[in-house]
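Dear colleague,

I am passing on the structure below, together with some notes on what turned up when I went through it. Please read the notes with the structure open beside you.

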Amino acid sequence: MSDGKTGQIDNVMHESRLFPPSPEFASKARVKSVEEYEKIWNEAKADIPAFWDKFAKEELHWFEPYNQVLEWNCPDAKWFVGGKTNVSYNCLDRHLGTPTADKTAILWEGEPGDQRTLTYKELHVEVCKFANVLAGLGVETGDRVSLYMPMVPELAIAMLACARIGAIHSVIFAGFSAESIADRNNDAQAKVIVTADAGWRRGKELHLKAIVDEALEKSETIEKCVVLKRVGNEIEMKPERDLWWHELMADASAEREATPLDSETPLFILYTSGSTGKPKGILHTTAGYNLYAKKSFEWVFDHRDDDIYWCTADCGWITGHSYVVYGPFSAGATCVMYEGAPNFPDEGRFWEIIEKYKVTIMYTAPTAIRAFIKWGDQWVDKHDLSSLRLLGTVGEGINPEAWMWYHKKIGGERCPIVDTWWQTETGGIMMSPLPGAIATKPGSCTRPLFGIVPGIYDSSLEEVGKNQGGMLTITQPWPGMLRGVWGDRERFEATYWSRVPGKYLAGDNARCDEDGYYWIMGRIDDVINVAGHRLSTIEVESALVSHPLVAEAAVVGRPHDIKGEAIAAFVTLKDTEASEEAREILKQHVRKEIGALAVPDDIRFTSILPKTRSGKIMRRLLRDIASGKEEVGDTTTLEDYSVLAKLRDND
Ligand code: WTA
């Protein structure tokens with residue numbers, strides 16, 4: 001292995017450079033050496049419940065103590081059985097008697113440049129008030145509340161207010177369409193939705209309330225809609241149903257004790273894409289999730305009291321749940337929260353924010369890093385980034401070129417990079433370097449966190465050897481694990497627990513190298529990762545075929561420089577001629593059915609889709625065609641050989 005300073009940029013699969021933590025960083029870190037990491041990891045593996053017991057007792061507040069750490073009847077885990085706690089209490093009240101009470105919790109900046117700060121004490125007041133508002137609207141423990149909001153402090157306040165009274169929030173990313181909102185409202189049977197008049201995105205108003213109005217025409221269970229005035233645009237307020245946030249808050253009491261909740265009380269549902277057309281509501285519960293978000297935050301980001309931490313994710317995704325809200329607030333961190341786009345008013349916005357707030361830890365997505373590289377170093381060079389001490393990435397693999405740029409240009413070669421592998425389902429980071437202990441290799445998420453025991457299996461369910469690819473599983477329960485798919489027990493069992501019986505199937509392929517480092521090699525299912533957003537190809541296909549012009553559609557991912565993957569659709573039309581107009585109509589249709597994030601980059605029309613004799617669409621072939629690669633492999637089962645040529649000629 002080279003010393004990391006001299007090596008060439010290799011292919012991901014052959015990356016051999018090693019970047020050890022600097023002695024200076026390691027000496028101050030929570031975990032200071034690889035030996036210490038291995039010692040703790042082995043101890044945890046030897047007795048997983050005992051490992052978590054110690055932290056749960058010391059670091060969560062218990063209204064009533066638990067009497068059993070773990071009850072495991074695969075696939076059902078109960079953590080901290082019999083105990084009563086509250087996530088909002090752990091994020092807020094727990095800090096009140098301490099110096100953290102007056103520490104800044106949120107350093108918020110809106111896209112137009114407006115700023116707000118909230119201390120932990122102030123955040124506590126707002127959360128208590130909104131918890132009273134929700135209770136006043138008839139929301140009780142166990143009720144579902146949809147949140148469709150911009151990245152404003154009120155989104156975090158609403159999440160914590162739900163947690164305070166035991167209501168289950170379902171945050172819907174503000175890029176989703178009215179159809180998607182209605183689907184989620186109905187699946188969760190949500191009682192209340194919280195939104196804003198609009199949000200800012202790249203200088204434009206995103207009219208959230210108008211989209212919600214449309215969604216509510218199809219959402220039978222929603223009784224009330226609370227509207228935050230963010231932008232001040234004209235909106236319609238439906239009498240009885242729609243209520244202004246500021247009016248409700250003006251009358252709300254600031255006194256609201258956190259409800260003592262059983263450890264396994266549902267905390268939130270978050271919809272994510274899987275192998276079918278219908279997104280699934282991943283369910284997380286109270287105590288285990290809370291502990292895992294807190295500990296993983298502290299370990300991976302090596303959090304110290306004086307850090308200014310910025311996770312650029314939106315709360316509409318799991319990263320925002322665990323590492324904008326629940327992890328950092330449980331740990332008493334100061335968090336930057338930014339509403340808008342990275343390139344507004346110009347491409348230097350992120351670096352300006354880092355300089356202005358003296359951010360010490362930055363956590364972002366590889367897709368953003370690739371965009372920054374494209375925009376050019378001149379945007380970075382204008383700003384002083386010397387406050388940074390640690391960098392992180394999440395959501396997809398990072399190619400070594402982007403890793404090196406992040407390391408050199410943003411990290412000034414002094415900041416460790418934590419490449420964090422995890423999923424909506426896992427609740428928190430599962431594999432990542434611990435920055436003071438584990439030398440990094442560009443493109444590898446390195447090693448599992450404490451208490452996380454991965455296993456890689458081949459299709460005959462044998463564990464594979466070093467450097468052999470296979471299905472990645474997690475072999476032991478962990479506190480942050482999903483507890484189910486909302487309303488769909490069968491899907492929960494079939495998706496995660498059946499293929500490798502008794503083990504959690506992540507849905508990713510991976511290999512483990514000779515140093516025990518893990519390399520994620522892509523999905524085993526029809527999930528694609530577009531600009532860090534998880535989408536199912538079948539979901540996009542379903543949207544396309546729901547249009548009357550379309551007879552059949554097949555959707556695949558193809559490599560894309562910035563987004564990682566782009567969406568390529570192959571469509572056969574019913575009677576219409578292929579045209580630019582038809583293409584536009586279909587793009588608009590997908591935007592309406594799912595949201596802008598799912599609009600195909602390419603739509604190719606074809607008179608027939610290539611299928612095997614048994615009628616299966618030949619996706620591998622389509623992927624090769626979409627990526628411009630010559631068709632490879634066995635095509636003798638092609639139903640119609642001419643299809644291939646026709647597809648190639650298209651466009
Ligand atoms: C992918 C995001 C490689 C992976 C937190 C996973 C990654 C899916 C990484 C989950 C990483 C996430 N390296 N791939 N560091 N992080 N992925 O649910 O395919 O939106 O299964 O959670 O993203 O996406 P999700």
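To begin with a question: does Arg 230 count as buried or exposed, and at what relative accessibility? At 15% relative accessibility, Arg 230 counts as buried, because the cut-off for that class is under 20% relative accessible area. Please keep in mind throughout that this is a predicted model.

**Salt bridges**

Arg 230 is a useful place to start, since its side chain meets that of Asp 114 in a salt bridge, with 2.9 Å from N to O. The two residues come from distant parts of the chain, 116 residues apart, with Arg 230 in the loop between strand E11 (224-228) and strand E12 (242-244) and Asp 114 in the loop between strand E4 (104-109) and strand E5 (115-119). Asp 114, at 31% relative accessibility, counts as partly exposed, whereas its partner Arg 230 counts as buried.

The loop between E11 and E12 also holds Arg 241, which is linked to Asp 213 in helix H8 (residues 208-216), a pair from distant parts of the chain that are 28 residues apart. The side chains of Asp 213 and Arg 241 meet in a salt bridge at 2.9 Å, again taken from N to O, and both of these residues are buried.

A further salt bridge joins Lys 409 and Asp 377, whose closest N and O atoms are 4.0 Å apart. Lys 409 lies in helix H15 (residues 400-410) and Asp 377 in the loop between helix H13 (366-375) and helix H14 (378-381), so this pair ties together parts that are 32 residues apart in sequence. Lys 409 is partly exposed, with a relative accessible area of 27%, and Asp 377 is partly exposed as well, with a relative accessible area of 31%.

These pairs come from a search of the whole structure, which finds 44 salt bridges. Salt bridges also link Arg 30, Glu 59, Lys 294, Lys 295 and Glu 298 in a network.

**Strand E22 and its partners**

Strand E22 (residues 470-474) is mostly covered, with 5 of its 5 residues buried. It pairs with strand E21 (residues 454-457) in the antiparallel sense over 4 bridges, and in that pairing Gly 455 stands opposite Thr 473 of E22. E22 also pairs with strand E24 (residues 504-512), in the antiparallel sense and over 4 bridges, where Met 471 has Asn 509 in E24 as its bridge partner.

**The ligand**

The ligand is surrounded by 17 residues, and the closest of them are Asp 419, Thr 424, Asp 508, Arg 523 and Arg 534. By class, this shell has 5 nonpolar, 7 polar and 5 charged residues. Helix H11 (318-330), strand E20 (417-420) and strand E25 (518-523) each supply at least two residues of the shell.

Several polar contacts can be followed atom by atom. A backbone N or O atom of Gly 395 lies 3.2 Å from an oxygen atom of the ligand, while a polar backbone atom of Thr 420 is 2.8 Å from a nitrogen atom of the ligand. For Arg 523, a polar side-chain atom lies 2.8 Å from an oxygen atom of the ligand. Taken alone, the ligand exposes 530 Å², and the protein buries 92% of that area.

With best wishes

Key
Residues numbered from 1 in each chain as written. Predicted model: local features only at pLDDT ≥ 70, side-chain atom pairs only at ≥ 80, totals over all residues. Heavy atoms only, no water. Buried < 20%, exposed > 50% of the residue type's maximum accessible area, 1.4 Å probe, protein only. Pairing = 2+ DSSP bridges. Near = heavy atom within 4 Å. Polar contact = N/O pair within 3.5 Å; in protein donor to acceptor, adjacent residues only side chain to side chain. Areas by Shrake-Rupley, 256 points an atom, 1.4 Å probe, with all protein chains shown as cover. Nonpolar A, V, L, I, M, F, W, Y, C, P; charged D, E, K, R; others polar.
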